[in-house]
Amino acid sequence: MKSFLVVGLGNIGTEYANTRHNIGFDVVDALAKENQAPFETLRYGDVASFKHKGKTCFLLKPNTFMNRSGKAVRYWMQQKKIPLQNMLIITDDIHLDFGMLRMRQKGSAGGHNGLKDICVQLNTLDYPRLRFGIGAGFSKGRQVDFVLQPWKSDEEKDLPFAIDKAAQAALSFVTDGVQTAMNLHNGNTLAP
């Protein structure tokens, strides 16, 4: 049975809950809930697993903080013997409008410290990732404040729908492969 690792990036602690930077956690939480897969706190993170269409899917929320995510990713890939192409990293992206999804087979870190650390720890940029657009509503030099803020109320009302779409995209990655998932799910989740 093929195994997959779906990693949601975020920061642990109640002060970071419901912030833009934690959208990766929110998406894997939605996947876990939908598949009745409870999380267990283990080494370097919270882990859940479920079976879907003949495949095993492991969910990981690293507890190493965003900038050290690579350590947790590398550890769980080795533990579960997950090949690089069967791992998906879910992260926030300020370069995409709110609610946009962009899955890629590989790519740069795009200035994201969590992705940067994963690149360093795995020694490659060639791993699949799903970027969730959070917009760029901040002035010069205020990026850190922006990503660590809670969502605005108009965003909050669309958020559950967008998170659900992102969770569907991640599940599609597991069942259909990255190419099909990209074709089906890349774009604006909030488009009519």
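In this briefing, two residues are in contact when heavy atoms of each lie within 4.5 Å. The model is predicted, so local features need pLDDT of at least 70 and side-chain atom pairs count only at pLDDT 80 or more, whereas totals for chains, interfaces and linings use all residues. Residues are numbered from 1 along each chain as its sequence is written, and side-chain values use heavy atoms, with hydrogens and water left out. The protein contains 6 helices and 8 strands, these being DSSP runs numbered from the N terminus (helices: H or I, at least four residues; strands: E, at least two).

**Overall architecture**

- Along the sequence, the elements follow the order β-α-β-β-β-α-β-β-α-β-α-α-α-β.
- The protein is as compact as a globular protein of its length, because its radius of gyration of 15 Å is close to the 16 Å that the globule rule gives for 192 residues. That radius is taken over C-alpha atoms, and the rule is 2.2 Å times the number of residues to the power 0.38.
- Taken along the principal axes, the C-alpha atoms fill a box of roughly 45 × 35 × 30 Å.
- Of contacts between residues at least 6 apart in sequence, 70% join residues at least 24 apart.

**Surface, burial and charge**

- Of the 192 residues, 52% count as buried; buried means under 20% relative accessible area, exposed over 50%, and partly exposed in between (1.4 Å probe, protein chains only).
- The accessible surface comes to about 9,300 Å², and carbon and sulfur atoms account for 49% of it. These areas come from the Shrake-Rupley method with a 1.4 Å probe.
- The protein carries 24 positive and 18 negative charges, whose mean positions are 8 Å apart. Lys and Arg count as positive and Asp and Glu as negative, with His and the chain ends not counted; each charge is placed at NZ of Lys, CZ of Arg, CG of Asp or CD of Glu.

**Helix α2 and its surroundings**

- Helix α2 comprises 12 residues (69–80), and the 17 Å between its end C-alpha atoms agrees with the 16 Å expected at 1.5 Å a residue. The expected span is 1.5 Å times one less than the number of residues.
- The buried residues of α2 are S69, G70, A72, V73, Y75, W76 and M77.
- Their cover includes the strands β1 (2–8), β2 (40–42), β3 (45–52), β4 (55–62) and β5 (87–93), together with helix α3 (113–122).
- Q121 lies in helix α3 and is partly exposed, with a relative accessible area of 24%.
- Beyond residues up to four places away in sequence, Q121 touches G70, K71 and R74.
- The C-alpha atoms of Q121 and F58 are separated by 20 Å, with their positions 63 residues apart along the chain.

**Residue H21**

- H21 is placed in the loop between β1 and α1 (23–34), and its relative accessibility of 13% makes it buried.
- Leaving aside neighbours within four places in sequence, H21 is in contact with L9, G10, N11, M66, D92, H112, V147 and L148.

**Positive phi values**

- Most residues other than glycine have a negative phi.
- K53, in the loop between β3 and β4, has a positive phi near 50 degrees and is exposed, at 69% relative accessible area.
- F65, in the loop between β4 and α2, has a positive phi near 70 degrees and is partly exposed, at 38% relative accessibility.
- K81, just after α2, takes a positive phi of about 55 degrees.
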